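Reader: I'd like to learn how to read a model like this one. Could we go through it feature by feature?

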Amino acid sequence: KQWYQRRVAITAGTDPGDEVILIEPHFDSYSVVVEVCGGKPVYVPLKPDGDPTNANNWVLDKAEFEGAFTSKTKLLMVNTPHNPIGKLFSAEEMEFIARTCEKHNV
């Protein structure tokens, strides 16, 4: 059921030529659905900062994340916990993500 809801969100929010930001690693079907809709996946990787076996050591590079947004960006897929690594985004990280999306009208 959750996968269906995410697929509907991508399909409803993506038109041909739109860019969709996907935080890596991500569920492999996300990029396929974006491409089927005529959109372009834009990848922003989480990077380990310390022991990579600790899910919370995976971090989002703020500059890289913000730099992924363009005038064509229409959607961001974010999960918390973030699969497949199980990272829980902190309140600070979620606030940054929200502020960045608001700034870019996404």
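Author: Let's begin with strands. Helices (H or I, at least four residues) and strands (E, at least two) are DSSP runs, numbered from the N terminus, and two strands pair if DSSP finds at least two bridges between them. This is a predicted model, where local features need pLDDT of at least 70, side-chain atom pairs count only at pLDDT 80 or more, and totals for chains, interfaces and linings use all residues. Residues are numbered from 1 along each chain as its sequence is written, and side-chain values use heavy atoms, with hydrogens and water left out.

Reader: Which residue in strand 2 is the bridge partner of Glu24?

Author: Pro45. Strand 1 (residues 19-24) runs parallel to strand 2 (residues 40-48), joined by six bridges. Strand 1 also pairs with strand 4 (residues 73-77), again parallel, over four bridges; there Glu19 has Thr73 as its bridge partner. Strand 2 pairs with strand 3 (residues 58-60) in the antiparallel sense over three bridges, and Leu46 is opposite Leu60 of strand 3.

Reader: Is strand 1 largely enclosed or not, and why?

Author: Check burial: buried means under 20% relative accessible area, exposed over 50%, and partly exposed in between (1.4 Å probe, protein chains only). Five of the six residues of strand 1 are buried, so the rest of the structure largely encloses it. Over in strand 2 you'll find Val44, which is buried at a relative accessible area of 1%.

Reader: What do strand 1, helix 2 and strand 2 make?

Author: For handedness, point the strands away from you: a crossover is right-handed if the path from the first strand over the helix to the second runs clockwise. Here strand 1, helix 2 (residues 29-36) and strand 2 make a right-handed β-α-β unit.

Reader: Which residues of helix 2 are buried?

Author: A handy rule: an α-helix has 3.6 residues a turn, so residues three or four places apart point the same way. In helix 2, Tyr30, Ser31, Val33 and Val34 are the buried ones. Looking down the helix 2 axis, they fall within an arc of 160° (taken from the directions from the axis to the C-beta atoms), so they line one face of the helix.

Reader: What about odd backbone angles?

Author: Most residues other than glycine have a negative phi, and most peptide bonds are trans. Here the bond from Glu24 to Pro25 is cis, with omega near -5°; Pro25 sits in the loop between strand 1 and helix 2. Asn105, in the segment after helix 4 (91-103), has a positive phi near 55° and is exposed, with a relative accessible area of 72%. Just after helix 2, Gly38 has a positive phi of about 90°.

Reader: How many cavities of 30 Å³ or more does a search of the whole structure find?

Author: Rolling a probe the size of a water molecule over the atoms shows where empty space is left. On a 1 Å grid over the protein atoms alone, a cavity is a set of points where a 1.4 Å probe fits but cannot get out; lining residues have an atom within 4 Å of a point. Grid points are joined across faces, edges and corners, and a volume is the space filled by probe spheres set on the points. The search finds one such cavity, with a volume of about 40 Å³. Its lining includes Leu22, Tyr30 and His82.

Methods
1 Å grid on protein atoms, 1.4 Å probe; cavity = no way out; pocket = protein on both sides within 12 Å on 5 of 7 lines; lining within 4 Å.
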